[in-house]
Amino acid sequence: MSDIIFFLLAGLGLGSLYAMLGAGLVIVYRGSGVINFAQGAFAMYGVFTFDEARRNGYLRLPWFDFLPTHTVNVPVSIKLSDEGVSTPVAFVLAIAMAVLIGLMAHFLVFRPLRSAAPLGKVIGSLGVMLYLQGVAQLNFGGTGRQPEAITPDGVFQNFLGLDKAYPQGAFWAVVLAVVIGAVLWLLFQFTRFGLATRAASSNEKGAVLLGYSPQLLAALNWVIASVLATLAAIIVGPIGGSLTPIGLSALVVASLGAALIGRLTSIPITMAGGLLLGAVQSLLGFWASKDWFPTILSSGARDVVPLVAIGLVLFLRGKKLPLRGTVEEKRLPLAPYPVRIKQHMIVWSVIVIVAAFLFEDAGPRSVFALALVTSLIATILMLSSVVITGYIGQISLAQLSLAGVAAFIMARMMADGAKLTPDGAVIPFPVSGPGLPWPIAALIGILVAVIVGVIVGLPAVRIRGVQLAVVTIAFAISLQTLYFENSKATGLTAGAPANVKPASFFGIDLKSIGDRGLKDRPEFMIFVLVVLLGAIALVANLRRNGTGRRFLAVRANERAAAAAGINVSRTKLLAFGIAAGIAGIGGVMLGFNQNDVSSAGFVYQASLAYLAFAYLGGITSVNGAIVGGLLAPAGLITVTGAYFFADAEIENYTAILGGLGMIITAIQNPNGIAPTLQPLFQHFGRWLRAARGPEWAAAGKRLGPTFVVGAVLGYLVWPLRVETYSQFWMPLLGGFLALMARGIYKQARAGGHGAPPGAHGAPPVAATTSTPAPAEVG
Amino acid sequence: MALLKTYDMTVRYGGLAANADVSIEVPAGKLVGLIGPNGAGKTTFIDAITGFTAISSGRVEFDGKDLAGMTPDRRAHLGLVRTFQSLELFEDLTVRENLLVASERPTWWSFLLDLVRPPRTSPALEARVTGALEALGLEGIADRLPMDLSHGQRKLVGVARALAAAPKLLLLDEPAAGLDTVESQLLGQHMRGFLDGGTTIFLIDHDMGLVLNVCDYIYVLDFGRIIAEGTAAEIRKDPAVIQAYLGQSAGEMQAQAGESVAARVSGTETGGATHG
């Protein structure tokens, strides 16, 4: 008994961190309706600023040198002293940094997003998180840090007579959390500012009429949240051991749990919830070492059980249909009716097949083949987001985890205990198993993914919007810790990749990376292409048939859908099942591509990234998934960039650029890239079919100058930063980019008058019909 | 024979009885109206019948079946189809697709076919959708998106969508709200047309003009209770109705409807529906 009490108390230290971050989440949510996935990243940047100033005497600013020259540089770090500043100075600097980050987040990201759809806000905050992680990697290095604690680091011997030593740091953290909680409560309950914030959160227009500026209030709330996060991380952070940018950012998940306990509205309940979460986690961690604890849960129970409990509470509180008068959420972009699917497929097939043979044994350039395969598989995964988020409007952050389920099950099903591959290569970690042939093993994997997907979808019956998004993250984490990383559950060696037998088709060997090194095999690329085309056909057919119409009806209005005879719950589960099936197809392809599966490929952070890139490409259409696939990590576009700008070390910037891309897309172009480019391509296609000699000459005259300017810029600018670059490719790339920019600008001028950058609710309808672009906005 | 019957139906929100002991009857093939001032509980009544709000006591019978515990979609499948007062169209679907959604009756395996099969709708389905479009004169805008339509057109699409579900009983929740006089009259004519097509209609509105002119039988709701029922002529003379509309209740709608009611109550029989 005294053990139980002690471990509950021991968890309060970490719990106070959750409590303070959770309070910040609630404050931001009330102030501007954003679930701030970057809350952990705020804390991370603050504590790193603190540690860097105290240790090395540098102040690192939250941006990077983006100018493409070596002569003119953006100031990124300021040297304050040679051997570190004193603790109080560092503390003040960290708080000032937190204020700056809070203000930047509000004015640069969330103020412009104030009337965006919930998904847009989610993507915006994921973008901020990725951006801060990337900048922190650049400015502070990605390795762990162990900042010195500023609280006394001794222990209380025989604490409360429980016969154990209790760390003083945890004690002071709890004291601080309680004090801060009380201060916040007084602030929001009894001051004019608090009153105004609460008024604005329940009725923004009313607050304006009373003379308050909701935007100013929101900005202040962002600052409070950011400062709170930094404060918490500086005081409590050192408890958990060394700190990494990614590890600290991940704190947001448990904090979201605390915020959900407080229903995203109550600060005291949230803080109590955070403390409770920490305590329960600590106790579960203690119990997990006991004999009676189910071994299959022992590695993950600590993270998973509290999240599942919160999900259950939300589920029981939820309603099957939204109530009358529920504030309607802003809509997602239109899901265009796919046209000319066959033509698109033929074009893609030709491109991929040509690339497959072009890059066969192409030496260093076969990286492109590899990247193209990665992009094609990523496209399949993003198609699953198109179904679940684009078509039926459920924000699922667990799609990659479902892919992982299929891949792991497949690896298990085809395992036969062999120690060598058919080619005679050694399999490092042989696993015994039923040894099923690959198509059957893959099918079983996909079916299991479908079943798990439907389970993941169960909460969606009663939980909506961003709350559902948080619950799906909980599922992603559960799958990761309870299954992928749990050797008892997978039956595979923990942490070690499990072998996937290469697929073969009527005697054609579809070998993948493991066998071929970097030398490409066209057969595998064509295999991926065929599977992708199949998946595209499924998703496009879905949209054009009754099932897709019902999905969109549910997305548009659940009450009206029910009135039209649609069983909303069943339709949502069906969508989760279909999306999981498509994700499962992507998962088994990942397995074939890698020749093995390992938990590292399916961490929940990667799942977030996939949704974000799908959004970037265009979450509501097949074309969007293709663009998203090209943009995906290690996909064609990043690899091409890294190849041509080898010494720019572009891979250091992928997180930053990805984050910025998400923020800019969410603000400027919530439809994604594909719907923006599509009219351009349509226009070009029509022109190409009609053009004769004179038209070509006229076009040359019209577009030539733009191309030349772009080419010259490409030639001049990049060498300023990059020494080794391609004399041939840079001007060409610059020219094409200039042409594309011109096209987008013209199109915006011609058709964009109805949709100024602020009007996110009114997506253009250009892609719904085959009428000439640019279509008018209603 | 009564298609819809409620027996002492009560709906409570906390301590407030939004509907108290409401017993009404809608005979097949008739157009029955329910009027009442704002806040009388009209929409709650439709919500309760269609399963969007749980009833606290009493019973609802449709087509001889007790509806207790049935979800809204099941009720729609039985032929009990409603429209919404606010414009709850599917904004991402064209007008035709809006109607198709309501008229399709999928089986559990239809999604498998939908995944592998290019787009296809059965001729019977097409005919029903086209019929509904024609009934309301919407053929010209079938491929437009709701956001491109005028308010009046959107209202008509809402009615057409309900009609495309081939309802036995069509529940119209304030279809004339926000329509101008001509549109409102046209809607009245359309409704008589639906009746000829074999659809029973239950019309809820606060526009006395429309209701008194087209309905065969009328119930009057005030503060959640039925205060009067009868034919249009009887309702016009009913002192309780005059009291409800002109007496205590305030609100912009009453101010609107009041004049025309008063004019009619005083005995002048007007031909067309005028309001506003």
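Analyst: Two residues are in contact if their C-beta atoms, placed from the backbone, lie within 7 Å. This is a predicted model, in which local features need pLDDT of at least 70 and side-chain atom pairs count only at pLDDT 80 or more, while totals for chains, interfaces and linings use all residues. Residues are numbered from 1 along each chain as its sequence is written, and chains are lettered from A and ligands numbered from 1 in the order in which they are written.

User: Which residues of α26(A) meet which residues of α29(A)?

Analyst: On the side of α26(A) they are N623(A), G624(A) and V627(A), and these meet I673(A), A674(A) and Q678(A) in α29(A). Both elements are DSSP runs numbered from the N terminus (helices are H or I over at least four residues, strands E over at least two).

User: What makes α26(A) roughly perpendicular to α29(A)?

Analyst: The axes of α26(A), residues 622–631, and α29(A), residues 673–690, come within 8 Å and cross at roughly 110°. The label "roughly perpendicular" covers 65 to 115 degrees (under 35 is roughly parallel, over 145 roughly antiparallel, the rest oblique), and the crossing of α26(A) with α29(A) therefore earns that name.

User: How do you know which strands of the sheet in chain B stand at the edges?

Analyst: The open sheet has six strands in the order β7-β8-β9-β4-β10-β11 of chain B, with mixed pairing, where a pair requires that DSSP finds at least two bridges. β7(B), residues 80–82, and β11(B), residues 225–230, each have a single partner strand, so one side of each is left without a neighbour in the sheet. From one strand to the next the twist averages 20°.

User: How do you know that β7(B) is joined to β8(B)?

Analyst: Three bridges join β7(B) to β8(B), residues 169–173, and the two run parallel, which satisfies the requirement of at least two bridges. R82(B), for instance, stands opposite L171(B) in β8(B).

User: Which helices pack on this sheet of chain B?

Analyst: α1(B) touches β4, β7, β8, β9 and β10 of chain B, and its direction makes about 150° with that of β8(B). α7(B), residues 181–196, touches β4, β8 and β9 of chain B, its direction making about 155° with that of β9(B). Such angles run from 0 to 180 degrees between N-to-C directions.

User: How do you know that the reach of α28(A) is close to the expected value?

Analyst: The expected span is 1.5 Å times one less than the number of residues. α28(A), residues 654–668, has 15 residues and reaches 20 Å from its first C-alpha to its last, set against an expected 21 Å.

User: Which residues of α28(A) are buried, and what do they pack against?

Analyst: A residue is buried if 20 or more other C-beta atoms lie within 10 Å of its own (exposed if 12 or fewer, partly exposed in between). Those of α28(A) that qualify include I656(A), M662(A), I663(A) and I667(A), and its buried residues pack against α4, α5 and α25 of chain A.

User: How many residues of chain B are in contact with chain A, and which element gives the most?

Analyst: 33 residues of chain B are in contact with 32 residues of chain A, and α4(B) gives the most to that side of chain B, with five residues. The residues on this side of chain B divide into 18 nonpolar, three polar and 12 charged, where Ala, Val, Leu, Ile, Met, Phe, Trp, Tyr, Cys and Pro count as nonpolar, Asp, Glu, Lys and Arg as charged, and the others, Gly among them, as polar.
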